[in-house]
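User: Could you walk me through this protein model? I'm new to reading structures, so please take it step by step.

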Amino acid sequence: METGTAGITRSADAEPVWTGLPPGLLRMRRLLLVVWAGVAALGVGLLLGLLAGPGWAALALLPLAPALWAWRMLGRNWRSWRYAERADDLLISRGVLWREETVVPYGRMQLVEVTSGPVERHFGIASVQLHTAAAATDARIPGLDPAEAERLRDRLTELGEARSAGL
């Protein structure tokens, strides 16, 4: 925090307050991983068992090793997602190997929508999609609690209208 000549405290240079994603997104992605890996292993096992014999069906368990690796990577990816609301813009940060940080100025937002498909609704999560004039800067925050997604949508819409009125 720094005090300007008029005695006003500025926090623009301060570190943003980051908010992580709730665990519902991680649970959903891991369940989908288990389901698809199980279906694949069962299908390969049945196919090998019928065509090559029961001994070969055990090879269907080999693809489960990458599923264990994917389980861990899903956790790392989930932990990498975070967002911060600042005075003039929204920051979204994600990525494990390649960090990506998106800055969306409130005045540039044209549309903020909340989406939730049937699987997401089952797990009690929703996504916030931000649309701007430049298609390359569209941003998304997945896996939020529906109440937080609606609060964020309302706040971003309010801030976007206030900032765009000054343009």
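Here are some questions and answers on this predicted model.

User: How many helices and strands does the protein chain have?
Analyst: Let's start with the order of the elements. From the N terminus they run β-β-β-α-α-α-β-β-β-β-α-β-β-α. Count the two kinds in that string and you get five helices and nine strands.

User: What share of the 167 residues in the protein chain is buried?
Analyst: A residue counts as buried when its relative accessible area is under 20%. Go through the 167 residues of the protein chain with that cut-off, and the buried share is 31%.

User: What span does helix H1 reach from its first C-alpha to its last?
Analyst: H1 covers residues 24-51, which gives it 28 residues. At 1.5 Å a residue, the expected span is 40 Å. The model comes close to that, with a reach of 40 Å.

User: Which elements are included in the cover over the buried residues of H1?
Analyst: H1 has a number of buried residues, among them Leu26, Met28, Leu33 and Ala37. Something has to lie over them, and the cover includes three helices and a strand: H2 (54-57), H3 (64-80), H4 (118-123) and S9 (139-144).

User: Which helix gives the largest share of the nonpolar surface patch?
Analyst: The patch is about 550 Å² and is made by Leu31, Leu32, Val35, Trp36, Val39 and Val119. Take leucine 31 as an example: it lies in H1, and it counts as partly exposed because its relative accessibility is 42%. Five residues of the patch come from one helix, and that helix is H1.

User: Is serine 127 buried or exposed, and which residue does its side chain join in a polar contact?
Analyst: Serine 127 sits in strand S8. Its relative accessible area is 8%, so it is buried. Further along the sequence than four places, its contacts include Glu113, Thr115 and Ile141. The polar contact between side chains, at 3.3 Å, is with arginine 140.

User: Is glycine 55 buried or exposed?
Analyst: Glycine 55 is placed in helix H2. Exposed means over 50% relative accessible area. Glycine 55 has 60% relative accessibility, so it counts as exposed.

User: How many residues apart are glutamate 85 and arginine 151, the partners of a salt bridge?
Analyst: The closest N and O atoms of glutamate 85 and arginine 151 are 2.8 Å apart. The pair links distant parts of the chain, with glutamate 85 in strand S4 and arginine 151 in helix H5, and the separation is 66 residues.

User: Why can arginine 151 and glutamate 148 face the same way, and which residues share their salt-bridge network?
Analyst: An α-helix has 3.6 residues a turn, so residues three or four places apart point the same way. Arginine 151 and glutamate 148 are three residues apart in helix H5, about one turn, and their side chains meet in a salt bridge of 2.9 Å, N to O. Through shared partners, salt bridges join one network made up of Glu85, Glu148, Arg151 and Arg155.

User: Is aspartate 89, the salt-bridge partner of arginine 86, buried or exposed?
Analyst: The closest N and O atoms of arginine 86 and aspartate 89 are 2.7 Å apart. Arginine 86 is partly exposed, because its relative accessible area is 29%. Aspartate 89 has 10% relative accessibility, so it counts as buried.

Methods. Residues numbered from 1 in each chain as written. Predicted model: local features only at pLDDT ≥ 70, side-chain atom pairs only at ≥ 80, totals over all residues. Heavy atoms only, no water. Helix = DSSP H or I, 4+ residues; strand = E, 2+ residues; numbered from the N terminus. Buried < 20%, exposed > 50% of the residue type's maximum accessible area, 1.4 Å probe, protein only. Polar contact = N/O pair within 3.5 Å; in protein donor to acceptor, adjacent residues only side chain to side chain. Contact = heavy atoms within 4.5 Å. Patch = residues over 30% accessible without salt bridge, like charges linked within 9 Å, V, L, I, M, F, W, Y side chains within 5 Å. Areas by Shrake-Rupley, 256 points an atom, 1.4 Å probe, with all protein chains shown as cover. Salt bridge = Lys/Arg side-chain N within 4 Å of Asp/Glu carboxyl O. Expected span 1.5 Å × (residues − 1).
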